[in-house]
Amino acid sequence: MGIVIRQSLKASIGSYIGVGIGIVNQLYVSLEFLETDQLAISRLLLENSLLFAAFAHLGAPFITDRFFGYFRDDKTQNNGFLGFLLAFPLIGISLFTALYFGFEQPIKNYFAEKSAGLIPYYVLVVPFTIFWIYITVLEAYCRNNSRIAIPTFIREVYLKLSNVLIILMFGIGWYSFDWMLYLVIGAHGLAVLILLAYIYQLGKFSLRFDFRQLKDGLFRQMVYFGLFVVLGGVGTQVVYFIDRTMLSGGKGLVDAGIFIIATYIAGIIEIPRKTITQISTPLVSNSLRQNNLAHVQELYHKSSLNQLLAGGLVFLLIWTNIDGIFSILPKGAIYSQGKLVVLLLASAKLFEMATGVNGEIINYSRYFRYATYLMLVMACLAIGANAYFIPRYGIDGAALATTLTTLIFALSKVVIVWVLFRILPFTFSGVKAVLVLALVYGASFLLPEWSGSLWLTLLSIAFRSGVLAGLFAGLVLWLRVSEDINGLAGSLWSQARAFRQR
């Protein structure tokens, strides 16, 4: 797990730079220059594209994680596996495009009453989806070549920074809202070209796929695995994104915009999980392929603990400053209606993080079918829960539906891994982590909270966050909650001492 922490730390630098840009974008630039319905339209186009990309890539990223080891060969540029990855999704893209335009009228009818403003941009989902497919596929190829820093930088920094600049230029009147959306989509197309250029620079670019590698039924296994797992991928996207789509159709774009901003705030706590999972996935896959269950258990335990610590700290810093955060947002009086949404969704996400890499363990084992079955059930539950709660409670109902689905989903994965492998994610160190989080949260009530002017509120947030983060770090190190964190701290301290002695 030490390599996971080191690699994740490198990728986290880019991720948290992206978080900073994302915070500026989502919590200031977008709110300042976009009306609530415009914000909802731009985000729904993005998120619906992610949903459609989840099945249109036909499982190519998952195929890469599971089968890349069969093609890995630096001398032959991985036997041209990249060529397969670029060609295979074209089948799914063709199928998606045909279905999307085939169901054009029913989809438009769904949004016509409450969110008619979304309909003129219906067609933009297609190119957006295609670009997301290839961004995801090329990231998987880079990841399996042990390169995650640059792809993370492209996704977390380049795309978010370009989005900020595009919205700023719209805000100062350089072009219309329509052209703003065109430029955002174009920036994603450029990201695909940048990733291809990066792969070429690494010397891993070859489109001449060696079909001789597809022996002993390997191609059939790859396609079967990809198509089966992709059903689970679709279910995952439905669970995480269907709420705001159903909210826009049932309550309108303004409610969807409020919900999207609250969801974004809650989602900040997931950044550590994304980076840890990115580097853990190939390790889990290889360990399962080698039947090294001891290493799988180690990855499971430590991912659970480290995700709980990292996510828990970010959760505390957000929730203990939530009123100040909303007070400094443009149109804060409108978006503060999502306060309960932040609490519900962030709590559910934190619990899911605390259950570790159970999804990866299931997906990359011979029991991967269970993940698909589970996701299909969860997708149905998400749709049903949103259909029930949204008409009754609006944005809070959407949050309640997603929270309920997420908790059941996380617990179900824990049960499946236990039944199949007899391992659980939780350890005694996890109990110590929860104790530390509880103590730090209790300490937050003793700290002053200032408000009034913008600068006073910012000072209050900075002061409280600094004290709480310092207390958290001190307790984690003192109680030796995580061997990895203590080892990393010791390594950094030794390097600092050596630097001072030069």
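Which residue does R244 meet in a salt bridge? I shall begin with that contact and then turn to the chain as a whole. Please keep in mind throughout that we are looking at a predicted model.

The partner of R244 is E47: their side chains meet in a salt bridge, with 2.6 Å from N to O. This pair joins distant parts of the chain, since R244 belongs to helix α10, residues 218–250, and E47 to helix α2, residues 36–56. The two residues are 197 residues apart. Both R244 and E47 are buried.

While we are at helix α2, let me point out S42, which also lies in that helix. Is S42 buried or exposed? Its relative accessibility is 17%, and buried means under 20%, so S42 counts as buried. Leaving aside residues up to four places away in sequence, S42 touches L34, M180 and L181.

Let us return to the salt bridges. In total, the model has 13 salt bridges. A second one joins E352 and R273, whose closest N and O atoms are 3.4 Å apart. Here too, distant parts of the chain are linked: E352 sits in helix α16, residues 339–354, while R273 sits in helix α12, residues 271–289, and the two are 79 residues apart. E352 has a relative accessibility of 1% and therefore counts as buried. R273, with a relative accessible area of 17%, is buried as well. These two residues also take part in a network of salt bridges, which links E270, R273, K349, E352 and K413.

A third salt bridge is formed by the side chains of K339 and D323, at 2.8 Å from N to O. K339 is in helix α16 and D323 is in helix α14, residues 322–327, so this pair, 16 residues apart, again links distant parts of the chain. How do these two stand with respect to the surface? K339 is partly exposed, with a relative accessible area of 29%. D323 is likewise partly exposed, at 44% relative accessibility.

I now come to the overall architecture. How many helices and how many strands does the chain have? The secondary structure consists of 21 helices and 0 strands. The radius of gyration is 23 Å, close to the 23 Å that the globule rule gives for 502 residues, so the chain is as compact as a globular protein of that length. Along its principal axes, the C-alpha trace spans about 70 × 60 × 50 Å.

Of the 502 residues, 56% count as buried. Among the contacts with a separation of 6 or more, 84% are between residues 24 or more positions apart. As for the surface, the chain exposes about 21,900 Å², and carbon and sulfur atoms supply 66% of that area. The chain carries 37 positive and 25 negative charges, and the mean positions of these two sets are 10 Å apart.

My last example is helix α3, which covers residues 60–67. Why can we call this helix largely enclosed by the rest of the structure? The reason is that 8 of its 8 residues are buried. They are A60, P61, F62, I63, T64, D65, R66 and F67. The list includes D65 and R66.

To close, I would ask you to find R244 and E47 in the structure, and to follow the salt bridge between helix α10 and helix α2. Thank you for your attention.

How values were computed: Residues are numbered from 1 along each chain as its sequence is written. This is a predicted model: local features need pLDDT of at least 70, side-chain atom pairs count only at pLDDT 80 or more; totals for chains, interfaces and linings use all residues. Side-chain values use heavy atoms; hydrogens and water are left out. A salt bridge is a side-chain nitrogen of Lys or Arg within 4 Å of a carboxyl oxygen of Asp or Glu. Helices (H or I, at least four residues) and strands (E, at least two) are DSSP runs, numbered from the N terminus. Buried means under 20% relative accessible area, exposed over 50%, partly exposed in between (1.4 Å probe, protein chains only). The radius of gyration is taken over C-alpha atoms; the globule rule is 2.2 Å times the number of residues to the power 0.38. Contact means heavy atoms within 4.5 Å. Accessible areas come from the Shrake-Rupley method with a 1.4 Å probe; for residues, only the protein chains shown count as cover. Lys and Arg count as positive and Asp and Glu as negative; His and the chain ends are not counted. The place of a charge is taken as NZ of Lys, CZ of Arg, CG of Asp or CD of Glu.
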